[in-house]
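Colleague: I should like to understand how the terms used for this structure follow from its values. May I ask about them in turn?

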Amino acid sequence: MPDILIKGALAVLTMDDARRELVGADVLLRGGVIAQIGVGIDAPDAEVLNAQGCVVTPGLVNTHHHLYQTLTRAVPGGQDALLFGWLQTLYPIWARFGPEEMFVSAQIGLAELALSGCTMTSDHLYLYPNGSRLDDTIEAAAEVGLRFHPTRGAMSIGESDGGLPPDSLVEDEAAILEDCIRVIDKHHDARDGAMVRIGVAPCSPFSVSRDLMRDAALLARDKGVMLHTHLAENDEDIAYSLEKFGCRPGQYAEDLGWTGPDVWHAHCVKLDGQEIDLFAKSKTGVAHCPCSNCRLGSGIAPVRAMRDAGVPVGLGVDGSASNDAGSLIGEARQSMLLQRVANGADAMSAREALEIATRSGAEVLGRDDCGQIAVGKRADIAIWDVSGIESAGSWDVAAILLAGPTRVRDLIVEGRRIVADSRVVSFDLNRAIVRQGQLVKKLQTMGGLQDDKTW
């Protein structure tokens, strides 16, 4: 792997412990790590990336996604539904997926993230129809080149037992735990610089049993991996918890061992003050998904209150069936705007939102080796060209969420260029897009949809 010298950046937003912003600086990448930061670095054997007119940031970190959903954007019947109705519309379509659908959809979703400046992403895959496996998405991530935290999700309570998913999409709980052990033993890498780390992730309190939630926590801690699920997403979620469990979601999570620094929950739109205090004291993380929460009408998560209390918060694009985009830089801007809507124009700065999208997201995923531009940290870097129309007239180029591009110019992961000149270069994206379209047509035909109702 050749050294890379990022030369003469207009600004380097380090997100280091001092939150330094360096003008005219260089960054030298060597062996997958950041080797040197300064002005006038001499590295004659390095590949030079001219960063004049560019802002350099740590790679963005996505803490919640459902990559398989990239095949089901803008599905009729689900476009204007709340969470539970939306799920019931889409479950029958997802039941028709197989390994190729999982692989190709993950390819497209990962490439979309990369173009939005993301170098590391988690993924929550909780259904495995027709021979699909978590391995399908891991193979896609290896081809695209992003740092990957896939989680082995699961559903075990189907419609016949009072759950939401069709019975065809649920699994036996013993088999779920057995496959968790398999994928952890096969793929999990606990070392610094790991490209793959596995998590254990029962889908939600309304799709698995108490026993599975408890056993999953015990298994994850025995294996030394993290835990992830959906929690307190909307009013329906709260009502279900109160009716079925006799408590709020935060109490349910705590009772079953689902709090702590090795746990992060998606959404948490409806956490109350006591639950926020619980998460702060236990250092339980939250994946904030602002665009999806807007799309499904779930509400505005209390991110300002969480951050002030000390809850670790990262950003998530969520699935492309509920977003319907996968732009992490867009999520950062939306997070900033929603907190201002809820709490006033001074509630969140562009720099704080960018910190949530980088350093804080890495902390939520347990990655203190990523998320900042500092010597010894992993070489995960986003280079943003601010010489174009989006930033024309800007007085503060570091405030790229206020006036900046939405597509990265160059993206480097572990010292390897994934995006160059705003194009994915790690694999044949155009070919994957064509195959994605073919698979969508196949799913539509299987579902009996007519051509005049869909593209």
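Modeller: Let us begin with strand 16 and strand 17, which pair in the antiparallel sense over 3 bridges. Please bear in mind that this is a predicted model.

Colleague: What makes strand 16 and strand 17 count as a pair?

Modeller: Two strands pair if at least two bridges are found between them. Strand 16 and strand 17 have 3 bridges, and the requirement is therefore met. In one of these contacts, A382 has L411 of strand 17 as its bridge partner.

Colleague: Which residue of strand 7 stands opposite A382?

Modeller: That residue is T57. Strand 7, residues 54-58, pairs with strand 16 in the antiparallel sense, over 5 bridges.

Colleague: Why is strand 16 called largely enclosed?

Modeller: A residue is buried if its relative accessible area is under 20%. In strand 16, residues 381-385, 4 of the 5 residues are buried, so the strand is largely enclosed by the rest of the structure.

Colleague: To which sheet do these strands belong, and what is the strand order?

Modeller: They belong to an open sheet of 7 strands with mixed pairing, in the order 3-2-7-16-17-18-19.

Colleague: Why are strand 3 and strand 19 said to stand at the edges?

Modeller: Strand 3 (21-22) and strand 19 (423-424) each have a single partner strand, so one side of each has no neighbour in the sheet.

Colleague: How do you know that strand 18 is paired with strand 19?

Modeller: The two strands run antiparallel and are joined by 2 bridges. At least two bridges are needed, so the pairing holds. A420 stands opposite R423 in strand 19. The hairpin of strand 18 and strand 19 has 2 residues between the strands, and D421 takes a positive phi near 50 degrees there.

Colleague: What is found where strand 17 meets strand 18?

Modeller: Strand 17 (residues 410-413) and strand 18 (residues 416-420) are antiparallel and share 3 bridges. I412 stands opposite R417 in strand 18, while the bridge partner of L411 in strand 18 is V419. This hairpin has 2 residues between the strands, and E414 takes a positive phi near 55 degrees.

Colleague: What is the strand order in the open sheet of 4 strands?

Modeller: The order is 5-4-1-6, with mixed pairing. Strand 5 (33-38) and strand 6 (47-50) are the edge strands, each pairing on one side only. From one strand to the next, the twist averages 20 degrees.

Colleague: In which sense do strand 1 and strand 6 pair?

Modeller: Strand 1, residues 4-9, pairs with strand 6 in the parallel sense over 4 bridges. I4 of that pairing stands opposite E47 in strand 6.

Colleague: Turning to the helices, why are helix 11 and helix 12 called oblique to each other?

Modeller: Helix 11 (residues 328-343) and helix 12 (residues 350-364) pack at an angle of about 130 degrees, with their axes 9 Å apart. Angles of 65 to 115 degrees count as roughly perpendicular and those over 145 as roughly antiparallel. The value of about 130 degrees falls in neither range, and the two helices are therefore oblique to each other. The crossing of helix 11 past helix 12 is right-handed.

Colleague: Which residues meet where helix 11 packs on helix 12?

Modeller: A332, M336 and R340 in helix 11 meet A350, A353 and A357 in helix 12. The residues of this contact comprise 5 nonpolar, no polar and 1 charged.

Conventions. Residues are numbered from 1 along each chain as its sequence is written. This is a predicted model: local features need pLDDT of at least 70, side-chain atom pairs count only at pLDDT 80 or more; totals for chains, interfaces and linings use all residues. Side-chain values use heavy atoms; hydrogens and water are left out. Axes are lines fitted to C-alpha atoms, for helices over the stretch in contact, and angles run from 0 to 180 degrees between N-to-C directions. Angles under 35 degrees count as roughly parallel, over 145 as roughly antiparallel, 65 to 115 as roughly perpendicular and the rest as oblique. A crossing is left-handed if the near helix is turned anticlockwise from the far one by less than a right angle, and right-handed if clockwise. Contact means heavy atoms within 4.5 Å. Ala, Val, Leu, Ile, Met, Phe, Trp, Tyr, Cys and Pro count as nonpolar, Asp, Glu, Lys and Arg as charged, and the others, Gly among them, as polar. Buried means under 20% relative accessible area, exposed over 50%, partly exposed in between (1.4 Å probe, protein chains only).
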